[in-house]
Amino acid sequence: MADYHFVYKDVEGASTQWDDIQRKLGNLPPKPPAFKPSPFEPAPDLDSAPKDKSWIDQRTEEEVEDLEDDLDDDRFLEEYKKKRLAEMREAAKVSKYGSVMQISGSDFVREVSQAPQDVWVVVLLYKEGLPECGLLLRCLEELAVKYPATKFVKIISTDCIPNYPDRNLPTLLVYNSGAVKANYVGLHSFGWRCTPEGVALVLCQSDPVLNDGQSGGDQSQKVVLEGVRRRFIEKIVTEHEDRDDGGSSSD
């Protein structure tokens, strides 16, 4: 007849007197601690959290506009809310540009003549296959990245002005508040060596055409021109240092 042994298991963490004796004698391992669940903590209520400056910085423009009376320090944070909205709208305006946009004749009025009054628009009249047009376009593409708050567009010359002669290409038109402020006919308008910095200097001789979006929209012509000249000098110095480094390494 088989010999059966039964092992009795008590509630987890419980111990018999016999077990306690055996543990004292070292015949059993120490008694494991009884299971104790972690205290209950409700999930944080984001809607009831304090609405401070850092909280506003994490909101989208729509969420900031929806804020009403749930700010801790109403007077201070209301002013901060207005400032934050202004910063968001300025950044959104800047982000609309940053490249040279292709337009057609039917787009001209909407994209150029009806552009916002605080936006300068640089229009390139060009034709495909003309090397001079390609060179000026590359300069404008670089300037569009550096000055994203200025709008740059390009249009086939005869789409803009019927029968416009190719000998006048490339041509740049500068618009502001719906009016032509300057025009430059031919590549020679930008010097014998057409570079982005040289084009920038010409564009800003009489008006603050170029805007990087970092200094506000009320920059004076003098401030803009000083910034363009500084970049021009930095470019020349960098090129000179590169030539010196190349010459010394070849020796």
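Mentor: Two strands count as paired when DSSP finds at least two bridges between them; strands themselves are DSSP runs of E with at least two residues, and helices are runs of H or I with at least four, both numbered from the N terminus. The model is predicted, so that local features require pLDDT of at least 70 and side-chain atom pairs pLDDT 80 or more, while totals for chains, interfaces and linings use all residues. Residue numbers start from 1 along each chain as its sequence is written, and side-chain values rest on heavy atoms, without hydrogens and water.

Trainee: Why are β2 and β3 called paired?

Mentor: They are joined by 6 bridges, and the definition asks for at least two, therefore they pair. The two strands run parallel. One bridge links L125 to its partner I155 in β3.

Trainee: What makes the pairing of the sheet mixed?

Mentor: The open sheet has 5 strands in the order β1-β3-β2-β4-β5. While β2 and β3 run parallel, β2 and β4 run antiparallel and share 5 bridges. In that second pair, V122 has V174 as its bridge partner in β4. β4 and β5 are also antiparallel, with 6 bridges.

Trainee: Why are β1 and β5 called edge strands?

Mentor: Each of them pairs on one side only.

Trainee: How do you know that β4 is mostly covered?

Mentor: A residue is buried under 20% relative accessible area, exposed over 50% and partly exposed in between, with a 1.4 Å probe and protein chains only. In β4, 6 of its 6 residues are buried. T171, L173 and Y175 point one way, and L172, V174 and N176 point the other.

Trainee: What makes a set of residues a nonpolar core?

Mentor: Its members are buried Ala, Val, Leu, Ile, Met, Phe, Trp, Tyr and Cys residues, joined through side-chain atoms within 4.5 Å. In soluble globular proteins, nonpolar side chains tend to be buried together. The largest such core here has 43 residues, and V123, L136, L140, L172, V199 and L203 touch the most other members. Elements that each supply at least two core residues include β2 (121-126), β4 (171-176) and α8 (196-203). The largest share, 7 residues, comes from α6.

Trainee: Which residues are in contact with L172, apart from its neighbours within four places in sequence?

Mentor: Contact means heavy atoms within 4.5 Å. Among the residues in contact with L172 are V123, L136, L140, F190 and L203. Y184, also in contact with L172, is its bridge partner in β5.
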